Amino acid sequence: MSDKPHHDAAPGELLASMADLRRRTRAARHAYWFPLILFGLLMAAALPFYLESAERVGMVGLPGDGPLLAALGGDFLEHSTGLGWYWLVALLAGFLISLGWYRWRGERTGLRTPTRAYLRAGVIGTLAGVLLPVVLRFLLFNTDAGVSGATSGVTISLLGVANRGMFPHLVIAVGLLVLARLERSRALLVVTLCFTAAVVAVNGWFHLSEFEPGDLSRWSFLLAAVPPAVILLVGGTAALLTRRPA
Amino acid sequence: MSDPFPTNGLDDTVHQRHRLGILTIAAETETVEVSYLREALELTPGNLSRHLAVLEEADLIELERGYHGRRPKTWVRITAQGRHALEAELDALRELLRRRA
């Protein structure tokens, strides 16, 4: 083997060879099927919290009167407090377990993926999900008319997302977007964009429908969890079936 | 004045197929284990060590030695200087290709 520089090697051939190495390394390193399936299963396990009892109509209690740490469950659901506690544990566990997965897989394949930014996005997102409703309610109800009026478009939309117990979906979406960048994966980016589009569409439907009390059935809020969970599970399964063995 | 010829941008430390390969793989990861590099680049342990030593000497990579269970493992991390050198090399190669076209 020669140690000499390859000044006479064709640049096109060298570039193609490096592009092939890069492609093969990325393919061997991709492991995002696991967090997709994990968060899909965690969302599917949350379904009972989105199901209302038959006799309940409308909101129970005052907005924001639940425990602060359970704020991820919102206010609109019958089981908001339970959902809030569930998501607090599920989000942190989901990010930590997938971090452990990447560590394990890195040792096995010999290719470590940088995951610090992914964990940071998960922890900061979860904290934001807990604290943001308080800030949004303050902006909407406790500031002067000028401030609340100017910010109401954003605050009402975001509060709607939080109150339907869908802020955890946004935390997952941000985490997956960060992961798509770290993994340099277009496929993961596409799945994450589909997931985010489903979350936005469901919220848009609830927001624009202007439901009256009694319009919603006990199944209505399942819409907040079923389509996003299906997208994560289908995306994760497709990635698992098409992955390169380690 | 005309543009400098792109071969001036080629660095002899980096412009070697296997060293370029090491930097390319390392740039895709946080750290890469030596055995992965050996298989991907089809190098003998001795040859790979020699290339790693050249790159480490030039501060383009850092080597981290450790254990996985009882097995010793060496991990390679590309430095900021290494990323810069790799980008410069690829830019020079693209420019050469463009001029030849």
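Start with chain B and colour it by burial: of its 101 residues, 37% are buried. Keep in mind that this is a predicted model. Switch to cartoon and you'll find four helices and three strands in chain B. Trace them from the N terminus and the order reads α-β-α-α-β-β-α. If you draw the contacts in chain B with a separation of 6 or more, 59% of them join residues 24 or more positions apart.

Now over to chain A. Select A:Ala46, A:Trp87 and A:Leu179: these have the most contacts inside the largest nonpolar core, which has 57 residues. To see what builds this core, show helix 2 (33-45), helix 3 (47-50), helix 4 (80-109), helix 5 (116-141), helix 6 (145-163), helix 7 (167-183), helix 8 (186-209) and helix 9 (226-241) of chain A, each of which gives two or more residues to it. Helix 7 of chain A supplies the largest share, 10 residues.

Zoom in on A:Trp87. Ignoring neighbours within four places in sequence, its contacts are A:Ala46, A:Leu72, A:Gly73 and A:Pro168. Apart from the largest core there's another one, of 28 residues; pick out A:Leu14, A:Met18, B:Leu20 and B:Leu86, which are among them.

Next stop: helix 6 of chain A. Put a distance between its end C-alpha atoms and you get only 23 Å for 19 residues, where a straight helix at 1.5 Å a residue would reach 27 Å. Where should you look for the bend in helix 6 of chain A? Centre on A:Ser152, where the helix bends by about 65°.

Stay on helix 6 of chain A and select its buried residues: A:Thr155, A:Leu158, A:Leu159, A:Val161, A:Ala162 and A:Asn163. Residues three or four places apart point the same way, because an α-helix has 3.6 residues a turn. Bring back helix 5, helix 7 and helix 8 of chain A, which are included in what covers the buried residues of helix 6. Just past the end of helix 6 of chain A, check A:Gly165, which has a positive phi of about 70°.

Finish with helix 5 and helix 6 of chain A on their own. Their axes come within 8 Å and cross at roughly 145°, and the crossing is left-handed. For the contacts, show A:Leu132, A:Pro133, A:Leu136, A:Arg137, A:Leu139 and A:Leu140 on helix 5 of chain A. Across from these, on helix 6 of chain A, the residues they meet include A:Val147, A:Ser148, A:Thr151 and A:Ser152. The buried A:Thr155, A:Leu158, A:Leu159 and A:Ala162 of helix 6 also take part in this meeting with helix 5 of chain A.

Key: Residues numbered from 1 in each chain as written. Chains lettered and ligands numbered in written order. Predicted model: local features only at pLDDT ≥ 70, side-chain atom pairs only at ≥ 80, totals over all residues. Buried ≥ 20, exposed ≤ 12 C-beta atoms within 10 Å, placed from the backbone. Contact = placed C-beta atoms within 7 Å. Core = buried A, V, L, I, M, F, W, Y, C linked by C-beta atoms within 7 Å. Expected span 1.5 Å × (residues − 1). Bend = angle between axes of the 7 residues up to and from the residue. Axes fitted to C-alpha atoms, helices over the stretch in contact; angles between N-to-C directions. Left-handed = near helix turned anticlockwise from the far one by under 90°.
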